[in-house]
Amino acid sequence: MRINKLFIYLTFLFFTTSTLFSDEIEFEASNMDIKDDGNTILAYNSKTIILNENITITSKKAKYIKDKKIIIFEDDVFFDDKKNKLTIQSQKISYDKDKDLIYSNNETFFDIENKYKIKSNDVFFNRKINEIYSDKATT
């Protein structure tokens with residue numbers, strides 16, 4: 001009887017653990033604040049790693065809103081997307097994890113595969129379809 005309970009517990013633990021690690025976001029920061037009963041995380045001088053997306057972001061401030069799966073990066077943001085061989089630099093970038101959508105509402109610089117350089121404002125980058133778009137003048 002004990003073996004059956006142990007087997008069921010270990011099976012449950014295995015499946016829930018693999019699900020938890022699939023959406024893992026790591027924060028390395030000089031200072032962190034946790035608010036709203038753990039739903040909002042503020043990280044300062046941060047390095048954020050989204051493991052399953054192969055993304056690393058550095059910024060002076062990051063705000064993670066867990067229930068909406070949105071991360072807002074501010075001040076000297078450097079977004080490194082290794083999967084798409086793309087880097088983005090801006091003062092403010094928002095990342096919607098569910099939609100896999102990046103938005104920057106100010107001057108933004110893209111470097112794609114060290115071949116293409118893009119400068120624009122109010123830019124969206126849809127990682128699902130690998131498309132960059134903006135209504136503003138772009139060079």
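In the predicted model, D100 is located in the loop that connects β6 (86-96) with β7 (101-104). The phi angle of this aspartate is near 55 degrees, a positive value in a residue other than glycine. D100 counts as buried, its relative accessibility being 8%. Through its side chain, D100 belongs to a network of salt bridges that also includes E53, D81 and R127.

Within this network, the side chains of D81 and R127 form a salt bridge with an N to O distance of 2.7 Å. The pair links distant parts of the chain, with D81 in strand β5 and R127 in the loop between β10 and β11, 46 residues apart. Both D81 and R127 are buried.

The loop that holds R127 belongs to a hairpin formed by β10 and β11, with four residues between the two strands. Strand β10 (residues 123-126) and strand β11 (residues 131-134) run antiparallel and are joined by four bridges. N126 is placed opposite E131 of β11. In the turn, N130 adopts a positive phi of about 55 degrees.

The overall architecture comprises one helix and 11 strands. Along the sequence, these elements follow the pattern α-β-β-β-β-β-β-β-β-β-β-β. Of the 139 residues in the protein, 35% are buried. Among contacts with a separation of 6 or more, 28% are between residues 24 or more positions apart. The exposed area of the protein is about 9,100 Å², of which carbon and sulfur atoms supply 54%.

The average pLDDT of the protein is 83, and 83% of the residues score at least 70. Over residues 16-22, by contrast, the pLDDT is below 50, and this stretch has one contact in the model beyond near neighbours in sequence. Where pLDDT is low, the predicted coordinates should not be read in detail.

Nine salt bridges were counted in the protein. Side chains of opposite charge can pair when their charged atoms come close. One such pair is D98 and K69, whose side chains meet at an N to O distance of 3.9 Å. D98 lies in the loop between β6 and β7, and K69 in the loop between β4 and β5 (70-81), so the salt bridge ties together parts that are 29 residues apart in sequence. K69 counts as partly exposed, with a relative accessibility of 26%. A further salt bridge, with an N to O distance of 2.8 Å, is formed by the side chains of D111 and K117. The two partners differ in burial: D111 is buried, with a relative accessible area of 16%, whereas K117 counts as exposed at 56% relative accessibility.

K69 is also among the residues touched by D96, together with K68, I70 and L101, when residues up to four places away in sequence are not counted. D96 is situated in strand β6 and counts as buried at 16% relative accessibility. A polar atom of the D96 side chain lies 3.2 Å from the backbone nitrogen of K99. The C-alpha atoms of D96 and I72 are 8.8 Å apart in space, and these residues are 24 residues apart in sequence.

Strand β4 (residues 55-65) contains T56, a buried residue with a relative accessible area of 17%. The side chains of T56 and K82 are joined by a polar contact of 3.5 Å. Apart from residues up to four places away in sequence, T56 touches K47, T48, I49, F78, F79, D80 and K82.

Two further loop positions complete the description. D36 occupies the loop between β2 (31-35) and β3 (40-50) and has a phi near 50 degrees, a positive value in a residue other than glycine. At 54% relative accessibility, D36 counts as exposed, whereas D100 counts as buried. E113 is found in the loop between β8 (108-112) and β9 (116-120), where this glutamate counts as partly exposed at 39% relative accessibility. The C-alpha atoms of E113 and L86 are separated by 6.0 Å, although the two residues are 27 residues apart along the chain.

Terms used. Residues are numbered from 1 along each chain as its sequence is written. This is a predicted model: local features need pLDDT of at least 70, side-chain atom pairs count only at pLDDT 80 or more; totals for chains, interfaces and linings use all residues. Side-chain values use heavy atoms; hydrogens and water are left out. Two strands pair if DSSP finds at least two bridges between them. Buried means under 20% relative accessible area, exposed over 50%, partly exposed in between (1.4 Å probe, protein chains only). A polar contact is a pair of N or O atoms within 3.5 Å; within protein, one must be able to donate a hydrogen and the other to accept it, and residues adjacent in sequence count only if both atoms are side-chain atoms. Contact means heavy atoms within 4.5 Å. pLDDT is the predictor's confidence in each residue, from 0 to 100. Accessible areas come from the Shrake-Rupley method with a 1.4 Å probe; for residues, only the protein chains shown count as cover. A salt bridge is a side-chain nitrogen of Lys or Arg within 4 Å of a carboxyl oxygen of Asp or Glu.
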